[in-house]
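Here are my notes after a look through the model. I've kept them as numbered points so you can check each one against the structure.

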Amino acid sequence: MNLVLIGYRGTGKSHIGRLVARQLKMRCFSMDREIEKQAGRTIPEIVADDGWTVFRDLESDMVRRLTALDHVMLDTGGGVIERPENVAALRKNSCVIWMTAGLDTIVTRISSGIHRPSLTGDKSFTDEVAEVLERRNPLYRDASHYQVSTDGREPEAIAAEIVDLWEQYRAAAGPRGK
Ligand SMILES: Nc1ncnc2c1ncn2[C@@H]1O[C@H](COP(=O)(O)OP(=O)(O)OP(=O)(O)O)[C@@H](O)[C@H]1O
Ligand SMILES: O=C(O)C1=C[C@@H](O)[C@@H](O)[C@H](O)C1
Ligand SMILES: [Mg+2]
């Protein structure tokens, strides 16, 4: 069984994912990083050269490839829930955790980054996050087994909660959770 972190950009999937994976002694894959390695280009370069559909196709390929593994932690890209096929593959053999944060927290955490290309192209940064979050929240909710708030919390406390949820989920799954 795998552990999957989903959530909007800046909710801490990569940062907390590394802490959780270390604690659980699981191999950790950052899907964005794996896509970049495979393509030999950064995500902004892929999107600028080929567009979002090509990026989403690469992402779906990566979901298929990584969900074929077992006992790994997957730190997904923020838009992985955009395709139902990705959600079905991620939920199949995994405990899926939705990491949440409020609009202000997300904007503060990610506004300085240059490696997150605009998702809408025509909006202010805050308006884009608000609009995309509102549309995606039901998708994150439906894709996940648990929800973990990250607002104003120390990374170690969030990681500890995720480790507890993982143990609960595995215990409830019985022999399948081994
Ligand atoms: N609980 C937290 N408290 C304070 N800062 C945090 C917390 N979690 C993450 N951060 C910081 O917020 C920024 C974004 O976190 P991170 O890169 O882990 O998010 P992400 O969900 O992986 O984003 P993306 O989907 O864009 O890859 C980083 O600078 C990280 O150190
Ligand atoms: O929210 C999104 O759609 C994205 C989030 C990032 O993790 C990357 O996967 C990419 O920039 C797309
Ligand atoms: Mg990340």
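**Notes on helix H6 and the two ligands**

1. Let me start with helix H6: helix H7 (125–143) is among the elements that cover the buried residues of H6. Keep in mind throughout that this is a predicted model.

2. Which residues of H6 are buried? In this helix, which spans residues 103–110, they are Ile106, Val107 and Ile110. These three sit on the same side of H6, because the arc they cover around the axis is only 95°. That fits the usual helix geometry: with 3.6 residues a turn, an α-helix has residues three or four places apart pointing the same way.

3. Now turn H6 round. Asp104 and Thr108 are on the other side, and they are exposed. Here "exposed" stands for over 50% relative accessible area, and "buried" for under 20%.

4. On to ligand 1, which has 14 residues around it. The ones that come nearest are Gly10, Lys13, Ser14, His15 and Arg116. By type, the shell around ligand 1 splits into 6 charged, 5 polar and 3 nonpolar residues.

5. What do the polar contacts of ligand 1 look like? The side chain of Lys13 puts an N or O atom 2.7 Å from an oxygen atom of the ligand. A polar backbone atom of Gly10 is 2.9 Å from an oxygen atom of ligand 1. For Arg153, it's a backbone N or O atom that lies 2.9 Å from a nitrogen atom of ligand 1.

6. How much of ligand 1 does the protein bury? The figure is 73% of the 630 Å² that ligand 1 exposes when taken alone. Two elements give two or more residues to the shell around ligand 1, namely helix H1 (13–24) and helix H8 (155–173). H1 gives the most, with 3 residues.

7. Ligand 2 next. The residues around it include Asp32, Ile43, Trp52, Phe55, Gly77, Gly78, Gly79, Pro117 and Leu119. Arg9, Arg56 and Arg136 are also among the residues around ligand 2, and each has a polar contact worth a look.

8. Take those arginines in turn. A polar side-chain atom of Arg56 is 2.6 Å from an oxygen atom of ligand 2. In the side chain of Arg136, an N or O atom is 2.7 Å from an oxygen atom of ligand 2. For Arg9, a polar side-chain atom lies 2.9 Å from an oxygen atom of ligand 2. As for cover, ligand 2 taken alone exposes 310 Å², and the protein buries 96% of that.

Note on methods: Residues numbered from 1 in each chain as written. Chains lettered and ligands numbered in written order. Predicted model: local features only at pLDDT ≥ 70, side-chain atom pairs only at ≥ 80, totals over all residues. Heavy atoms only, no water. Near = heavy atom within 4 Å. Polar contact = N/O pair within 3.5 Å; in protein donor to acceptor, adjacent residues only side chain to side chain. Areas by Shrake-Rupley, 256 points an atom, 1.4 Å probe, with all protein chains shown as cover. Helix = DSSP H or I, 4+ residues; strand = E, 2+ residues; numbered from the N terminus. Nonpolar A, V, L, I, M, F, W, Y, C, P; charged D, E, K, R; others polar. Buried < 20%, exposed > 50% of the residue type's maximum accessible area, 1.4 Å probe, protein only. Arc of directions from axis to C-beta. Contact = heavy atoms within 4.5 Å.
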